Amino acid sequence: MGAETTTPLDFPRQMRRLRLGIVGGGEGSFIGKVHARGARLSNRWAVVAGALSSRPAVALQSGQDWFLDDDRIYTDYREMAVQEGSRPDGIDAVSIATPNNTHFDIACAFMEQGIDVICDKPLTTNLESALELAKRQKASGLVFGVTYAYAANAMVRQARAMVRSGSLGALKQIHVEYFQEWALTPPAEGGPGAQWRVKPEQVGEAFATGDIGTHCHHLGSFVAGLPMTSVKAEFHTLGPDKPLEDTAFMHVRYQGGIPGTIMISQVAAGTHCGFRIRVFGEKASIEWNQEEPEYLHFRPFAEPARLLTRGEGAGIGQHAARFVHMPRGHPEALSDAWANLYEEFAVAINARRTGVDLPHGLLEYPTIWDGVLGVKFIQAAVQSHRLDAAWVSCEMNGDAKRLATLCFMQ
């Protein structure tokens with residue numbers, strides 16, 4: 001199943017844990033705790049500062065609940081950026097776990113202080129601001145990671161390596177789906193996270209496409225090693241009334257004309273986190289389902305199917321092996337994927353700060369350009385729907401295309 005070595009390349013050692021600050025993620029938030037736990041589980045970070053809510057009382061209480069020192073609990077991210085940027089023991093990086101429309105301003109405030117950035121997806125609410133962030137990141141030389149955490153599962157890395165090594169042969173089809181049921185609860189009854197996610201002024205022009213569709217866009221390209229080139233989308237609102245779509249069905253094309261599909265819904269009754277990718281080649285196919293993340297299905301043409309399980313040896317390649325933390329039969333899951341992601345962020349940020357050159361291909365974390373492409377995908381899908389499901393390009397052109405070249409050279 002490919003010629004990749006099973007001996008993992010070791011990540012460089014750090015002399016200390018990096019210091020992490022978090023904006024957003026306080027009481028009432030789901031994703032902020034996920035960031036913090038992933039960072040801590042990686043053993044490369046200490047969470048030392050935070051502006052954990054835009055509501056001062058909540059920010060203060062949440063900071064105390066997280067055992068932050070009083071002088072590093074902030075009620076305004078701008079103050080946090082300035083104060084942490086001037087401290088000799090200031091944060092090395094900030095994680096942004098806030099609604100989409102705030103990402104740009106928060107990221108800029110910390111980049112201006114020379115602080116590396118880790119940001120939730122979608123990167124911004126429009127392509128113009130996403131490209132502006134990429135320009136500023138390129139000019140600063142800072143590390144800017146985006147949290148497409150599913151791609152840090154060990155068996156996703158195994159799938160990517162098998163595609164790259166030719167185990168599937170020439171690729172023929174790529175299909176990604178993501179089904180959830182949580183948005184069947186009316187937004188007014190679903191808590192703050194459910195409410196802001198359906199407000200155009202906070203998320204932009206799409207709900208489900210931005211929230212989970214961007215994961216499908218990223219994972220398909222990541223595993224296949226190919227950019228998406230065009231999309232043909234239909235949006236639907238099938239659950240309780242809301243101003244944006246909760247379901248979308250898309251035909252897509254990848255580089256080389258390879259066809260595929262993306263199907264997403266957050267009102268699919270009886271589903272929880274049904275995120276699945278299937279890639280078909282001329283010789284074999286692979287399938288991964290994030291609800292069963294330990295397993296990768298490998299199905300050669302006219303041969304018995306094989307089930308690969310996460311663990312050391314037995315065909316597991318180096319890019320997956322470095323994220324194997326427990327023996328087979330001792331399950332790892334999404335929390336471990338977040339830790340893997342934060343480990344890669346730490347390696348990149350520590351290398352930048354210490355001037356260490358890393359081996360080519362050592363890191364595969366999602367960069368700011370992956371975030372930009374996600375915003376471009378949302379824009380293209382929205383435009384396609386408005387044009388009665390016409391094909392719309394997902395590719396960059398002009399100055400954006402030149403910026404892409406510079407980002408990939410970095």
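**A tour from the E8–E9 hairpin to the aromatic pairs**

Start by selecting Gly 256: this residue has a positive phi near 90° in the hairpin of E8 and E9, where three residues lie between the strands. The model is predicted, so local features need pLDDT of at least 70 and side-chain atom pairs count only at pLDDT 80 or more, while totals for chains, interfaces and linings use all residues. Residues are numbered from 1 along each chain as its sequence is written, and side-chain values use heavy atoms, with hydrogens and water left out. Helices (H or I, at least four residues) and strands (E, at least two) are DSSP runs, numbered from the N terminus.

**The strands**

Extend the selection to E8 and strand E9 (residues 258–265), which pair in the antiparallel sense over eight bridges; two strands pair if DSSP finds at least two bridges between them. Tyr 254 is opposite Ile 258 in E9.

Next, add strand E7 (residues 228–236), which runs antiparallel to strand E8 (residues 247–254) and is joined to E8 by eight bridges. Here Val 231 faces Val 252 in E8.

**The helices**

Now select helix H6 (residues 154–165) and helix H9 (residues 208–224), which pack at an angle of about 45° with their axes 7 Å apart. The axes are lines fitted to C-alpha atoms over the stretch in contact, and angles run from 0 to 180 degrees between N-to-C directions. H6 and H9 are therefore oblique to each other (under 35 degrees counts as roughly parallel, over 145 as roughly antiparallel, 65 to 115 as roughly perpendicular and the rest as oblique).

Show the side chains of Val 156, Arg 157, Ala 159, Arg 160 and Val 163 of H6, and of Leu 219, Phe 222, Val 223 and Ala 224 of H9: these residues make the contact (heavy atoms within 4.5 Å).

**The aromatic pairs**

Rings of Phe, Tyr and Trp (its six-membered ring) pair if their centres lie within 6.5 Å; planes under 30 degrees apart count as stacked, over 60 as edge-to-face and the rest as tilted. By this rule the count comes to eight aromatic pairs.

Select Tyr 150 and Phe 275: the ring centres are 4.9 Å apart and the planes are at 75°, so this pair is edge-to-face. Tyr 150 is in the loop between strand E5 (144–146) and H6, and Phe 275 is in strand E10 (residues 274–281), 125 residues apart. Tyr 150 is buried, with a relative accessible area of 9%, and Phe 275 is buried at 0% (buried means under 20% relative accessible area, exposed over 50%, partly exposed in between, with a 1.4 Å probe and protein chains only).

Keep Phe 275 and add Tyr 178: their ring centres are 4.6 Å apart and their planes are at 10°, so the pair is stacked. Tyr 178 lies in strand E6 (residues 171–179) and Phe 275 in strand E10, so the pair ties together parts that are 97 residues apart in sequence.

Finish with Trp 45, Tyr 342, Phe 345 and Tyr 365, which form one aromatic cluster.
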